[in-house]
Amino acid sequence: MASESRLYTVSSETKEHLRKFRLSTSRAKDPQAVIYLIDKNTHEIRQDDDKTVYSTLEEIGDDLPDHSPRFILLSYPLTLDDGRASVPYILLYYLPETCNAEMRMIYAGAKELMRSNSEAGRVIDIESVEDLEDIPDRLKKTE
């Protein structure tokens, strides 16, 4: 982690946003998500420019780029098979097969730093927008 913290930066504003988002979604009734990116020049991890909070997996898919990785923080309320309510807080690591090697390396190096700063319970790797459709089933299997 020490080498990661020298390579990548997470501003205090971003850390505060991560904290507020995590706390505000812990009892949410609807899915909520935000997309984060890494600035290629400064290696700063920050929220995507549009500052949108997404409420469906389809909305997230519509805004993901075809050839560039992203981190997506997702709070996804669901009812487990035994009837219990659960709101898993996860980090989706979106790494499309078509992105270049440089971007793959940048995001791979920051993955654990993003997970620890966001305090996500787990990380799920996805390679395409279509993989978002499987998220509810994947969450139910592990909760």
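**Note on the salt bridges and nonpolar cores of this model**

1. With a relative accessibility of 37%, E112 falls in the partly exposed class, because that value lies between the limits of 20% for buried and 50% for exposed residues. The structure under review is a predicted model. The carboxylate of E112 is paired with R115: the two side chains form a salt bridge, with 2.9 Å from N to O. R115 is likewise counted as partly exposed, at 25% relative accessibility.

2. How far apart are E112 and R115 in helix α4? They are three residues apart, so about one helical turn separates them. In general, side chains carrying opposite charges can pair when their charged atoms come close.

3. The E112 and R115 pair should be read alongside the rest of the charged network. Seven salt bridges are found when the whole structure is searched. One of them joins the side chains of E119 and R22, at 3.3 Å from N to O. This pair connects distant parts of the chain, since E119 lies in the loop between α4 and β8 (122–126) while R22 belongs to helix α2, 97 residues away. E119 is partly exposed, its relative accessibility being 48%.

4. Helix α4 also takes part in a salt bridge between the side chains of K111 and D125, with an N to O distance of 3.0 Å. Here too distant parts of the chain are linked: K111 is in helix α4 and D125 in strand β8, 14 residues apart. Are these two residues buried or partly exposed? K111 is partly exposed, at 23% relative accessibility, and D125 is partly exposed as well, with a relative accessible area of 41%.

5. The nonpolar interior deserves separate attention. In soluble globular proteins, nonpolar side chains tend to be buried together. In this model the largest nonpolar core contains 23 residues, and those with the most contacts inside it are I38, I45, F71, L73, Y107 and M114. Two or more residues each are contributed by α2 (12–25), β2 (32–38), β4 (70–75), β7 (89–94) and α4 (101–118).

6. Which element gives the largest share of this core? It is α4, with six residues. M114 illustrates how the core is put together: apart from neighbours within four places in sequence, M114 is in contact with L18, Y36, I45, F71, L73 and L91.

7. A second core of 19 residues, separate from the one above, should also be noted. Its members include L57, L80, I90 and I135.

How values were computed: Residues are numbered from 1 along each chain as its sequence is written. This is a predicted model: local features need pLDDT of at least 70, side-chain atom pairs count only at pLDDT 80 or more; totals for chains, interfaces and linings use all residues. Side-chain values use heavy atoms; hydrogens and water are left out. A nonpolar core is a set of buried Ala, Val, Leu, Ile, Met, Phe, Trp, Tyr and Cys residues joined through side-chain atoms within 4.5 Å. Buried means under 20% relative accessible area, exposed over 50%, partly exposed in between (1.4 Å probe, protein chains only). Helices (H or I, at least four residues) and strands (E, at least two) are DSSP runs, numbered from the N terminus. Contact means heavy atoms within 4.5 Å. A salt bridge is a side-chain nitrogen of Lys or Arg within 4 Å of a carboxyl oxygen of Asp or Glu.
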